[in-house]
Amino acid sequence: MGGCSPFLIEADEVERLCNESGLSVIQYLATLVKPTQDLARPPISNFHVGAVGLGASGRVFMGVNLEFVGLPLNHSVHAEQFLVANAAQHGERQLKFIAVSAAPCGHCRQFLQEVLGATELNILIADEQAETRSLLHFLPHRFGPDDLEEGIPLVFQPHYNCLSFESLQSPEPDPTLSLCNDGEDGKDDVINGFSPSEDLYQLKFAALQAANSAHAPYSLCPSGVALMTVKGKIFTGSYIESAAFNPSLHPLQAAIVAFVSQDGGKYEDIVQAVLVEKEEAAVQQGDTVKLALKKISPKCSFHVFNCSVK
């Protein structure tokens, strides 16, 4: 597909590849759908979905569907959700065009209402008919952000939720939600040369930053997750809320998008996870994330840290 990542092509590389192939950018997007499908991880349905998006920056982003054996289907990540989270994590400010392997399901048609420029977004169904339609065509009588809260920042616009830990001292995790995987001798395992307690310092502030970037204008319950792999790499995900609630992407799903798109390893490589959210929030992610991690990466330690609004 070009570039060093199968989920992102930089703008200058897109321009070069289009010039070499003699294709327009939209035609080039269509050629990327099939190879993107091959990157999907759907062990339950075995139905591979690929989504490719053109950003206002000229960059091209990819998204695929992810399914997780042993978990309820609502933990699945749809390809369009993956695409949006991937683009947002790379600082994209708007998606101008999307090409997908199949027409977006109702879940994704609703989720896409949260992005900046949703009413202007065009979608190419890269099948034999190769039809291009607007998002408004797929959801003509839309229910969206303006129906609940006017003037809120949308996905791809800057967010800062004013969250912080109450003390500069290291906050204590919620013991009722922790998953602690100790070594056989009763001591914490050492990962990448550092003990889990040392890694927690990095993870909790990475998760706090992700929570501050979360899109949660309806519940006002932002949250963020940070994951660490056995190699010591950190991947973060911010909660992305939908006005229709159920299509929301919880922060672990978003962090897994970052892990898959930037690392591509096995889920078992994830060895530590931290969730940061407001204490006694109306929408809490802790139990959901704990359940998912026990199935996705059983040896992963998990801690929840509470924060407050400044």
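In this predicted model, valine 52 sits across from methionine 62 of strand S3. That pair belongs to a longer run of contacts between neighbours: strand S2, residues 50–55, is joined to S3 by five bridges, and the two strands are antiparallel. Together S2 and S3 make a hairpin with four residues between the strands, and here glycine 58 takes a positive phi near 95°.

S3 has another partner too. Strand S1, made of residues 8–9, is linked to S3 by two bridges, again in the antiparallel sense, with isoleucine 9 standing opposite valine 60. As for cover, five of the five residues in S3 are buried, so the strand counts as mostly covered. In a regular strand, side chains alternate between the two faces of the sheet. In S3, Val60, Met62 and Val64 point one way, Phe61 and Gly63 point the other way, and all are buried.

Just past this strand the picture changes. Leucine 73 lies in the loop that runs between strand S3 (60–64) and helix H3 (79–89). Its relative accessible area is 62%, and because anything over 50% counts as exposed, leucine 73 is put in that class. Leucine 73 also joins Ile44 and Val69 in a nonpolar surface patch of about 300 Å².

Another loop residue, glutamine 113, comes between helix H4 (106–111) and strand S5 (122–125). Is glutamine 113 buried or exposed? With a relative accessible area of 3%, glutamine 113 is buried, because the cut-off is under 20%. Setting aside neighbours within four places in sequence, the residues in contact with glutamine 113 are Ala118, Leu135, Leu139, Arg142, Phe143, Gly144 and Pro145. There is also a link to a distant part of the chain: the C-alpha atoms of glutamine 113 and serine 242 are 7.9 Å from each other, although 129 residues separate them along the chain.

Further along comes an open sheet of five strands, ordered S7-S11-S10-S8-S9 and mixed in its pairing. Strand S7 (163–164) and strand S9 (234–238) are the edge strands, each pairing on one side only. Inside that order, strand S8 (residues 223–229) and strand S10 (residues 270–278) run antiparallel and are held by seven bridges. One of the facing pairs puts threonine 229 opposite isoleucine 270 in S10. Helix H8, residues 251–262, lies across S8, S9 and S10, and runs at about 140° to S9.

How values were computed:
Residues are numbered from 1 along each chain as its sequence is written. This is a predicted model: local features need pLDDT of at least 70, side-chain atom pairs count only at pLDDT 80 or more; totals for chains, interfaces and linings use all residues. Side-chain values use heavy atoms; hydrogens and water are left out. Two strands pair if DSSP finds at least two bridges between them. Contact means heavy atoms within 4.5 Å. Axes are lines fitted to C-alpha atoms, for helices over the stretch in contact, and angles run from 0 to 180 degrees between N-to-C directions. Patches are made of residues with over 30% relative accessible area and no salt bridge: like charges are joined within 9 Å, nonpolar side chains (Val, Leu, Ile, Met, Phe, Trp, Tyr) within 5 Å. Accessible areas come from the Shrake-Rupley method with a 1.4 Å probe; for residues, only the protein chains shown count as cover. A salt bridge is a side-chain nitrogen of Lys or Arg within 4 Å of a carboxyl oxygen of Asp or Glu. Buried means under 20% relative accessible area, exposed over 50%, partly exposed in between (1.4 Å probe, protein chains only).
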